[in-house]
Amino acid sequence: SAGPADMDPKTWAKVKDHPCYSEEAHHYFARMHVAVAPACNIQCNYCNRKYDCANESRPGVVSERLTPEQAARKVLAVAAEVPQLSVLGIAGPGDAAYDWRRTKATFDLVSEQLPDIKLCLSSNGLALPDHIDEIVEMNIDHVTITISAIYPEIGARIYPWIFYQGKRRTGLEAATILRDRQLQALEMLTERDVLVKVNSVLIPGINDDHMVEVNKAVKERGAFLHNIMPLISDPAHGTHFGLTGQRGPTAAELKKVQDDCGDGANLMRHCRQCRADAVGLLGEDRGQEFTLDKLPEVIE
Ligand code: SF4
Ligand code: SF4
């Protein structure tokens, strides 16, 4: 297939077997996430640290946290049972780039055994610029960065603090550093031919009027897809700071923002906001079949 009208053929060739990026592939290829990265270096107002990273997953979900060795065992067990497995992602439960040692160890262990599996990771972007060379060396072919604001005035309403270079920073300073690092990572990765998808969490009254600018900024810097995701509000999830009681967008509000971004905006419309330990074809989750207690001790 020629792929979506707004994607260039070179990019399409790289993503056509990826269940998340190709509407067609998601019927034939499976992906799995392993939750090996619990630490995070920023605070999002809508995050509850007891649950998975809300930039990538639905709220209220607690994934089984694994060590890199446990995760590698699990991937091998899944690969033996699910022949369509083509992609391994690390999307939390915290930040895969900040918790880099565990992310890297997991990918290294798995690639030794399954050299053809495609690797991807998700991050808020703050730590990403420090790992570009390794990401390229390790053949990680997709990175997702969550960028929900370009203007620090808006970012400061979403992120109460970040932890950067050994110090906690707040307000406009935090939002500016985070924005600069996110855009820098996007540019550096694109330059090295790593595909970058951008997630934005759509928060009514905070960044909805701003999303067209976010779309423009990330497209200009080479993001191949922009995934505008609704904030899914949950009392247990979004009770921090100024966003207490913050509602998520209605389906009509989400669609309006996506439409405002226009044709050719490379919007992704079928992301399922999967769990950090999802397993299987998109739209199904066989994660419960592969919990740690069900894995063999040793895999041949
Ligand atoms: Fe929570 Fe993810 Fe934000 Fe970190 S980046 S605070 S884990 S939602
Ligand atoms: Fe794909 Fe979205 Fe699920 Fe990630 S969260 S595996 S991008 S559908």
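Is Cys47 buried or exposed? I looked this up first. Cys47 counts as buried, because its relative accessibility is 9% and the cut-off for buried is under 20%. I note that the model is predicted.

**Cysteines**

I turned to Cys120 next. Its relative accessibility is 14%, so Cys120 counts as buried too. I then looked for disulfides. The structure holds zero of them.

**Helix α3**

I went to helix α3, which runs over residues 100-113. The helix has 14 residues. From first C-alpha to last it reaches 20 Å, close to the 20 Å expected at 1.5 Å a residue.

Which residues of α3 are buried? I found Trp100, Thr103, Thr106, Phe107 and Val110. Looking down the axis of α3, I see these buried residues within an arc of 135°, so they line one face of the helix. In general, an α-helix has 3.6 residues a turn, so residues three or four places apart point the same way. On the other side of α3, I noted Arg101 and Glu112 as exposed.

What do the buried residues of α3 pack against? I listed two helices, α2 (68-81) and α4 (132-137). I also listed the strands β3 (85-90), β4 (118-123) and β5 (140-146).

**Thr103**

I picked Thr103 out of helix α3. Thr103 is buried, because its relative accessible area is 0%. Its side chain reaches the backbone oxygen of Ala96 at 2.8 Å. I then checked what Thr103 touches, not counting residues up to four places away in sequence. The list is Val36, Ala37, Ile90, Ala96 and Leu121. Ala96 thus turns up in both checks of Thr103.

**The cores**

How many residues does the largest nonpolar core have? I read 52. Those with the most contacts inside this core are Val34, Leu88, Leu128, Ile140 and Val143.

I followed Leu88 further, leaving aside its neighbours within four places in sequence. Leu88 is in contact with Phe107 and Val110, two of the buried residues of α3. Cys120 is also among the contacts of Leu88. Others include Met32, Val34, Val75 and Leu119.

I also found a second, separate core of 20 residues. Cys44, Ala149, Ile162 and Met229 are among its members.

**Asp208**

Where is Asp208? I placed it in the loop between β8 (195-202) and α7 (211-220). Asp208 is partly exposed, because its relative accessible area is 26%. A polar atom of its side chain lies 3.1 Å from the backbone nitrogen of Gly205.

I also checked Asp208 against Ser148, 60 residues apart along the chain. Their C-alpha atoms are separated by 9.6 Å. Not counting residues up to four places away in sequence, Asp208 touches Leu202, Ile203 and Val257.

**Helix α8**

Val257 led me to helix α8, residues 251-260. Val257 is one of its buried residues, with Leu254 and Gln258. Seen down the axis of α8, the buried residues fall within an arc of 100°, so they line one face of the helix. I found the exposed residues Ala252 and Lys256 on the face turned away from that buried side.

What covers the buried residues of α8? The cover includes β8, α7 and β9 (225-230). My last entry is Gly262, just after α8. Gly262 takes a positive phi of about 85°.

Terms used. Residues numbered from 1 in each chain as written. Chains lettered and ligands numbered in written order. Predicted model: local features only at pLDDT ≥ 70, side-chain atom pairs only at ≥ 80, totals over all residues. Heavy atoms only, no water. Helix = DSSP H or I, 4+ residues; strand = E, 2+ residues; numbered from the N terminus. Expected span 1.5 Å × (residues − 1). Buried < 20%, exposed > 50% of the residue type's maximum accessible area, 1.4 Å probe, protein only. Arc of directions from axis to C-beta. Contact = heavy atoms within 4.5 Å. Core = buried A, V, L, I, M, F, W, Y, C linked by side-chain atoms within 4.5 Å. Disulfide = S-S within 2.5 Å. Polar contact = N/O pair within 3.5 Å; in protein donor to acceptor, adjacent residues only side chain to side chain.
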